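Q: Please take a close look at one part of this model for me, helix packing to begin with, and then whatever in the loops and strands deserves a stop. Keep it chatty, but give me the cut-offs.

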Amino acid sequence: MTISKTEIPYILAVACEDRPGIVARITGVIFEEGGNIAESQQFDDSLSGRFFSRIAFTPSGPGFDEARLRARLQALMAEFDADYRFERADVRRRVVILASKQDHCLADLLYRARTGDLAMDVVAVVSNHPISVYGSLNFGSVPFHHFPVLDGDKRAQERRISALIETLNADLVILARYMQILSDEFSAELNGRCINIHHSFLPGFKGARPYHQAFERGVKLIGATAHYVTGDLDEGPIIVQDVEAVSHRDLPDTLVRKGRDIERRVLARAVRYHIEDRVFVNGRTSVVFPD
């Protein structure tokens, strides 16, 4: 169902231990407080025993009272011992983007934020390289911060980034081809609110010039994976993946171009799913409710 832009829906995202009657209880409260459900998705994971739900609803009449509904939902979520988020869908997330020399994902995210394709405010771009490496890239009014790694002290650099994230009250950190491995301490600090993008091949190629490695091995698929950052390098819960068929006719430069296109769209889709509360971490995996 398409929701009119004149109606600002509310989003309720819930994760808890499964039990009978959860959907009935939640939807009952929303109905009793004057909410009209426009979209509802849920998933009962039989392996973990966890229940996940995302409900979008709009006020249906003059009797709707947001404060009263929040209070009732808070009590119900406490009863379920649930992790939940209840927000208006027009609340924009505050985002910090980390980038290195490759700017294709950075430029795409800035464009999507500026045009409204992604409902987020980019409050800072942080790079381990000076702004001069980005040439004519338009940062608009977004502040740019150059935080290099000095004398090999990566933790000192990470602490500067962490302090900036806290000062700006950022909701999400995006690694837009940020070519630095985060420490375990920094990864733990950003748990559940940091998304990374990387190339993924069959087989996987690590290290320098991965597309050239792929060409030399004659791969038939190239792809990209967006996932949450954890202490295990590139092994956090996956949000979005995509692939594209290639052939022996595709030279390394062609693979690089196609790879950049995949990385851009996969990262943008993962960010959108996150800011729309469509993603739930479920142990080492994830539950994603598509739009």
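A: First, the naming: helices (H or I, at least four residues) and strands (E, at least two) are DSSP runs, numbered from the N terminus. This is a predicted model, where local features need pLDDT of at least 70 and side-chain atom pairs count only at pLDDT 80 or more, while totals for chains, interfaces and linings use all residues. Residues are numbered from 1 along each chain as its sequence is written, and side-chain values use heavy atoms, with hydrogens and water left out.

Let's start at α3, residues 104-115. This helix has twelve residues and covers 17 Å from first C-alpha to last, close to the 16 Å expected at 1.5 Å a residue (the expected span is 1.5 Å times one less than the number of residues). Buried here means under 20% relative accessible area, exposed over 50%, and partly exposed in between, using a 1.4 Å probe and protein chains only. The buried residues of α3 are His104, Cys105, Leu106, Asp108, Leu109, Leu110 and Ala113. Right after α3 comes Gly116, with a positive phi of about 90 degrees.

Now for the partner. α3 packs against α7 (residues 252-275) at about 45 degrees, with the axes 9 Å apart. Axes are lines fitted to C-alpha atoms, for helices over the stretch in contact, and angles run from 0 to 180 degrees between N-to-C directions. So α3 and α7 are oblique to each other; under 35 degrees would count as roughly parallel, over 145 as roughly antiparallel, 65 to 115 as roughly perpendicular, and the rest as oblique. The crossing of α3 over α7 is right-handed, meaning the near helix is turned clockwise from the far one by less than a right angle, whereas anticlockwise would be left-handed. On the α3 side, the contact (heavy atoms within 4.5 Å) uses His104, Cys105, Asp108, Leu109 and Arg112, and they meet Arg260, Glu263, Arg264, Leu267, Ala268 and Val271 in α7. By class, that makes five nonpolar, one polar and five charged residues. Ala, Val, Leu, Ile, Met, Phe, Trp, Tyr, Cys and Pro count as nonpolar, Asp, Glu, Lys and Arg as charged, and the others, Gly among them, as polar.

Set that beside another helix pair. α1 (residues 22-32) and α2 (residues 66-80) have axes that come within 10 Å and cross at roughly 170 degrees. That makes this pair roughly antiparallel. Their crossing is right-handed as well. From α1, Ile22, Arg25, Ile26, Val29, Ile30 and Glu32 meet Leu69, Arg72, Leu73, Leu76, Met77, Glu79 and Phe80 in α2. The tally here is nine nonpolar, no polar and four charged residues.

On to the backbone. Most residues other than glycine have a negative phi. Arg177 goes the other way, with a positive phi near 60 degrees. Arg177 sits in the loop between β8 (172-176) and α5 (184-189) and is buried, at 7% relative accessible area. Asp277 also has a positive phi, about 55 degrees, without being a glycine. Asp277 belongs to the loop between α7 and β12 (279-282) and is buried too, at 10%.

Last stop, β2. Leu47 lies in the loop between β2 (35-45) and β3 (50-59) and is exposed, at 82%. Gln41 is in strand β2 itself. Leaving out residues up to four places away in sequence, Gln41 touches Phe52, Ser53, Arg54, Arg278, Phe289 and Pro290.
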